Amino acid sequence: MQQGFLFDKMAPGEEFEEKKEYGSLKTLDDLYHATKECKNCRLGDLRNNYVFGEGDPKSKVVVVGEAPGADEDAQGRPFVGRSGQLLEKILLAIKFRRQDVFICNILKCRPPGNREPQQDERDSCLPILLRQIELINPKIMLLLGRVAANVLLDNKQSMSAMRGKVIKWKNIDVFVTYHPAALLRNPNWKRLCWEDVQLLRKHYDEYYAAD
Ligand code: SF4
């Protein structure tokens, strides 16, 4: 067992449970077209744009945030505001360009006032993300912020309990760090984020760069 791994979800090799809502959709494009008019929760009536996610559909690295903000809702693209600029800098610091990874969020529509996603919204939207992950089939995921990590990992742990290590989840190596919006509010956390993404890059180079 590699040091630092937590096999707290599925054993390696176990497969995703097929979501019957989207399991028949075989490409990201199909999934996008099947969900872009989604009204499965109240946010569907409030959005200006559906924010599916973007990037390399075959990337080994998927980056997941919490939900679109105002800029993302206006443009229909993930991480395009100040948080997005900081995310691009963070990725470049570990030698990934934005287009090298796939970037998306737990929720595809903006919660009003950027409030935290409510439980029924998380439950309604999560199947879309799970199918995205199945179709991309990444080796590594970077979860940005406690909320994104709690939803995807289905736990209630604090940021300090989740960051700084590799978490094995559904045969994917998951890293958790601060959301860029939190780093803009608390620059003191940038050093910890730097440590987290350095760990991710080291792990990628060690296990997956040569694939
Ligand atoms: S947030 Fe997700 S579940 Fe809710 S309407 Fe938007 S796409 Fe559908």
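Helices, which are DSSP runs of H or I of at least four residues, are numbered here from the N terminus. The structure is a predicted model. In this model, helix H4 (residues 119–136) supplies three residues to the shell around the ligand, the largest share. The shell comprises 13 residues, of which Cys 38, Cys 41, Gly 44, Cys 109 and Cys 125 are the closest to the ligand. By residue class, the shell around the ligand divides into six nonpolar, four polar and three charged residues.

Helix H4 also contains Leu 129. This residue counts as buried because 22 C-beta neighbours lie inside 10 Å, the threshold for burial being 20 or more. Leaving aside residues up to four places away in sequence, Leu 129 touches Cys 104 and Ile 106. The C-alpha atoms of Leu 129 and Cys 104 are 8.1 Å apart, although the two residues are separated by 25 residues in sequence. Cys 104 belongs to one covered face of strand S3, together with Phe 102.

The strands form an open sheet of six members with mixed pairing, in the order S1-S3-S2-S4-S6-S5. The edges are occupied by S1 and strand S5 (167–169), each of which has a single partner strand, so one side of each is left without a neighbour in the sheet.

Strand S2 (residues 61–65) is largely enclosed by the rest of the structure, because five of its five residues are buried. Burial applies to both faces of S2: Val 61, Val 63 and Gly 65 lie on one side, and Val 62 and Val 64 on the other. Strand S2 has parallel pairing with strand S4 (residues 140–144), over four bridges. Within that pairing, Val 61 has Ile 140 of S4 as its bridge partner. Strand S2 also pairs with strand S3 (residues 102–105), again in the parallel sense and over four bridges. Here Val 63 stands opposite Ile 103 of S3, and Gly 65 has Asn 105 of S3 as its bridge partner.

Strand S3 is likewise covered on both faces, with Phe 102 and Cys 104 buried on one side and Ile 103 and Asn 105 buried on the other. Strand S1 (residues 54–55) runs antiparallel to S3 and is joined to it by two bridges. In these bridges, Glu 54 is partnered by Ile 103 of S3, and Gly 55 by Phe 102 of S3. Ile 103 thus has a place in both pairings of S3, opposite Val 63 and as the partner of Glu 54.

Helix H3 (residues 82–93) has twelve residues, which at 1.5 Å a residue should span 16 Å; the end C-alpha atoms are 17 Å apart, in agreement with that expectation. The buried residues of H3 are Ser 83, Gly 84, Leu 87, Ile 90 and Leu 91. They cover an arc of only 115° around the axis, which places them on the same side of H3. An α-helix has 3.6 residues a turn, so residues three or four places apart point the same way. The buried residues of H3 pack against two helices, H7 (180–185) and H8 (190–207). On the face of H3 turned away from this buried side are the exposed residues Lys 89 and Leu 92.

Positive phi values occur on both sides of H3 in sequence. Just after H3, Lys 95 adopts a positive phi of about 65°. Phe 79, in the loop between helix H2 (70–75) and H3, has a positive phi of about 50° although it is not a glycine. Phe 79 counts as buried because it has 28 C-beta neighbours inside 10 Å. A further positive phi, near 60°, is found at Asn 114, also a residue other than glycine. Asn 114 is located in the loop between S3 and H4. With 13 other C-beta atoms within 10 Å, Asn 114 is partly exposed, whereas Phe 79 is buried.

Conventions: Residues are numbered from 1 along each chain as its sequence is written. This is a predicted model: local features need pLDDT of at least 70, side-chain atom pairs count only at pLDDT 80 or more; totals for chains, interfaces and linings use all residues. The expected span of a helix is 1.5 Å times one less than its number of residues. A residue is buried if 20 or more other C-beta atoms lie within 10 Å of its own, exposed if 12 or fewer, and partly exposed in between; C-beta atoms are placed from the backbone. The arc is that of the directions from the helix axis to the C-beta atoms. Two residues are in contact if their C-beta atoms, placed from the backbone, lie within 7 Å. A residue is near a molecule or strand if its C-beta atom, placed from the backbone, lies within 6 Å of it. Ala, Val, Leu, Ile, Met, Phe, Trp, Tyr, Cys and Pro count as nonpolar, Asp, Glu, Lys and Arg as charged, and the others, Gly among them, as polar. Two strands pair if DSSP finds at least two bridges between them.
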